[in-house]
Amino acid sequence: MSAIVAAPLLVALGGAIGCLLMRSRPRLLRGVSLLGGVGYLLATVALARAVFADSDAILVYYLSGWQAPYGITLVADRLSVIFIGLTAIVSLAALWVSVRTIDASGQRISYHALYQFMVVGITGSFLTADIFNLFVWFEVMLMASYVLVVFHSGPEQTRAGMQYVVLNLLGSAVMLLAIGGLYATTGTLNMADLARRLAEPAAYGIAPGPVLGLTGLLLCVFALKAGLVPFQFWVPGAYQAAPPPVTAMLAGVVKKVGVYAIIRLYFSVFAVATIPDSGGLSVVAGEPFLVVFGGVILVMALLSILLGGIGATGRNNLDELLAYSSISQVGFIVLPLAVAATTLPGDSLFRAGVLATIVYAIIHGFAKGVLFLVSGAIEDHVGTLEFSQLGGISEQAPVLSGAFFVGGLTLIGIPPLFGFFGKLLVFKVGVEAQNTIGWIAVGATLIGAILTITYVTRAWERAFWGPPNEFVEELTVSPSVVAVIAGLAIIIIALGIGFQPVYELANGATSAVIDTDAYVRAVLGPESAHAIGGGLR
Amino acid sequence: MTEVVLAIVLGALYALGTFLVLRRDVVRVVWGVTIISQATNVYLVTMGGIHGSIPIVSHGGGGHHAVTDPLVQALVLTAIVIGFGTTALALVLTYRLYQEHGTLDLQELATTEESQ
């Protein structure tokens with residue numbers, strides 16, 4: 001048991017409470033919030049050091065000392081630490097931009113506390129090993145994000161916010177339904193215990209059929225959070241309505257919570273389960289659950305890539321274009337998972353697929369963070385993001401434009417930027433699969449890549465090139481904001497040039513996903529997991 | 001028997017909630033969402049089994065009679081509190097929507113979006 005696991009969570013929570021207490025002192029409030037952001041980064045570094053100190057450490061913390069599976073367990077393994085690291089960097093950058101750009105009264109009212117609570121919810125979702133607790137952290141994250149989306153509370157924001165709230169409330173109800181059903185059918189809420197029981201359902205009296213249905217329901221909820229087609233309706237509205245730094249967080253990090261949940265639950269916990277021979281599922285009888293999930297994820301990924309890409313190409317507003325692009329990019333993120341699902345966790349293709357997804361998720365987090373922060377800086381000073389009102393920004397603000405250029409190119413996947421390796425790995429998985437699904441994935445990636453080139457080029461050409469008009473000539477962004485955005489862009493370049501360590505990290509995270517056995521042993525004790533090892537490897 | 005009745009009630013609640021969510025009036029949509037989330041709470045309690053006795057261990061040990069699973073009831077309490085907060089937020093948001101747009105009809109809200 002190691003208490004360091006709870007450190008990022010507690011720091012963020014402390015930051016949130018500190019912000020609530022300092023409401024009457026604006027300067028101190030901003031200081032506390034920034035301190036919370038820096039402290040979160042330090043706590044993450046400390047946690048990462050603890051996790052990576054031992055080559056395959058899985059750190060476990062039992063809340064209030066209640067042993068798993070009875071109490072709530074927090075687990076930090078290499079997968080969660082990577083995503084928390086992404087959160088720490090992007091949230092600190094967005095926080096600094098918030099301090100400089102959100103109007104003073106807004107910051108005083110509630111902005112910082114909400115922002116910190118959103119980070120608390122995100123961190124909790126990455127750390128928890130209990131599916132009901134996951135629901136609670138989702139709610140913490142969502143409730144803060146509801147208010148942040150309607151923060152400016154104009155006509156546009158209230159309408160988009162309403163849509164966002166109603167869709168997510170329905171999603172929450174469905175999530176609770178699925179979790180309650182899973183508890184009734186499997187008798188546990190602990191992820192490790194779920195994995196152990198699903199590995200030998202007969203021994204625990206579990207009917208796999210209902211479990212398959214309920215996990216399918218749960219998959220819809222995670223797809224809603226990740227903004228995959230056909231659950232993407234809230235994305236453009238909410239992204240345009242939210243203040244720009246919040247949009248950077250929503251697109252860069254909050255969406256990844258959905259992706260993380262899909263990886264953790266479907267490719268580690270539920271991956272060990274097999275569809276029963278009886279019960280009317282004769283087409284896929286005897287196959288692992290992954291076959292069904294893989295098919296569903298494949299369809300959602302293909303539709304997201306195409307619909308998001310085509311949608312982005314036709315937009316005349318920079319923010320809207322980026323929002324549609326984000327739908328398309330999440331399609332790219334989950335596509336390798338669909339290919340991986342055609343094999344079992346022991347296979348090299350499975351490893352390659354999960355690895356590609358993790359790498360692409362990190363890339364997308366940084367790239368969308370940069371792009372939305374740039375578009376936010378432009379909107380703050382020009383007042384609009386319609387292409388008809390923009391032009392010539394590259395002359396007026398070369399550094400800002402450079403950051404956008406790097407973000408755009410990394411979405412396209414130009415070497416030596418970080419994005420190149422993401423695209424490379426996604427293509428590689430498709431080609432290596434040597435089956436129909438693999439070739440479909442390659443085709444979709446190709447079409448999606450062409451669409452990405454089209455819309456990024458269009459955004460660049462319409463907004464950043466050409467002669468500056470009278471609105472753009474006013475554009476003077478505060479140097480510290482430019483510096484932070486440029487810093488994120490430099491991270492993208494640096495991670496591309498020094499890709500080897502990133503690859504090692506993502507590879508370690510993939511091992512953590514695949515080795516469900518080790519996860520179960522770490523959470524439930526050494527002698528608990530013998531069943532799973534025999535089942536699949 | 002109670003479980004059959006509850007199953008029918010649950011079906012009716014979900015049907016009603018779905019019906020309301022598909023209305024044009026925002027207030028009805030919010031009601032629909034609220035009913036669906038409440039129905040989910042009822043479902044959770046039902047899933048815990050309602051045959052056993054109250055899950056309180058009396059003095060000197062529990063005895064051998066079956067008790068109802070107390071965990072689902074703890075889960076439902078959490079879910080109710082969360083539902084309370086989100087419903088309040090949704091209602092406030094509905095009011096703000098009316099203030100900003102002067103209508104709560106989804107069709108009209110969509111047309112104002114197009115005209116901008």
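1. Let's start with confidence. Chain A has a mean pLDDT of 91, and 96% of its residues reach 70 or more. Do keep in mind that you are looking at a predicted model. One stretch of chain A calls for care: over residues 533-537 the pLDDT stays under 50, and the model has 8 contacts beyond four places in sequence for them.

2. Next, look inside. The largest nonpolar core has 244 residues, and V334(A), V370(A) and I485(A) are the ones that touch the most other members. Helix 14 of chain A, residues 348-382, gives the most to this core, with 22 residues. Try clicking on V370(A): leaving out residues up to four places away in sequence, V370(A) touches A403(A), V406(A), G407(A), I485(A), L488(A), A489(A) and I492(A).

3. Now for the place where the chains meet. Here 25 residues of chain B are in contact with 25 residues of chain A. On the chain B side, helix 2 (26-47), helix 3 (70-101) and helix 4 (106-115) each supply at least two residues. Helix 3 of chain B has the largest share, with 14 residues. Sorted by class, this side of chain B has 16 nonpolar, 6 polar and 3 charged residues.

4. There is a nice strand pair to find in chain A. Strand 1 (residues 59-62) and strand 2 run antiparallel and are joined by 4 bridges; in one of the pairings, Y61(A) has L74(A) as its bridge partner. Strand 2 (residues 73-76) is covered on both faces, with T73(A) and V75(A) buried on one side and L74(A) and A76(A) buried on the other. This fits a general pattern: in a regular strand, side chains alternate between the two faces of the sheet.

5. The loop between strand 1 and strand 2 of chain A deserves a visit too. P69(A) sits in this loop, and the peptide bond leading to it from A68(A) is cis, with omega near 0°. S64(A) is found there as well, with a positive phi near 55° although it is not a glycine. S64(A) counts as exposed because it has 6 C-beta neighbours inside 10 Å. As background, most residues other than glycine have a negative phi, and most peptide bonds are trans.

6. Two further loops of chain A hold similar features. The bond from V229(A) to P230(A) is cis, with omega near 5°, and P230(A) lies between helix 9 (208-226) and helix 10 (234-241). Q434(A), in the loop between helix 17 (418-433) and helix 18 (436-464), has a positive phi near 55°. Q434(A) has 9 C-beta neighbours inside 10 Å, so it counts as exposed.

Note on methods: Residues are numbered from 1 along each chain as its sequence is written. Chains are lettered from A and ligands numbered from 1 in the order in which they are written. This is a predicted model: local features need pLDDT of at least 70, side-chain atom pairs count only at pLDDT 80 or more; totals for chains, interfaces and linings use all residues. A nonpolar core is a set of buried Ala, Val, Leu, Ile, Met, Phe, Trp, Tyr and Cys residues joined through C-beta atoms within 7 Å. A residue is buried if 20 or more other C-beta atoms lie within 10 Å of its own, exposed if 12 or fewer, and partly exposed in between; C-beta atoms are placed from the backbone. Two residues are in contact if their C-beta atoms, placed from the backbone, lie within 7 Å. Ala, Val, Leu, Ile, Met, Phe, Trp, Tyr, Cys and Pro count as nonpolar, Asp, Glu, Lys and Arg as charged, and the others, Gly among them, as polar. Two strands pair if DSSP finds at least two bridges between them. pLDDT is the predictor's confidence in each residue, from 0 to 100.
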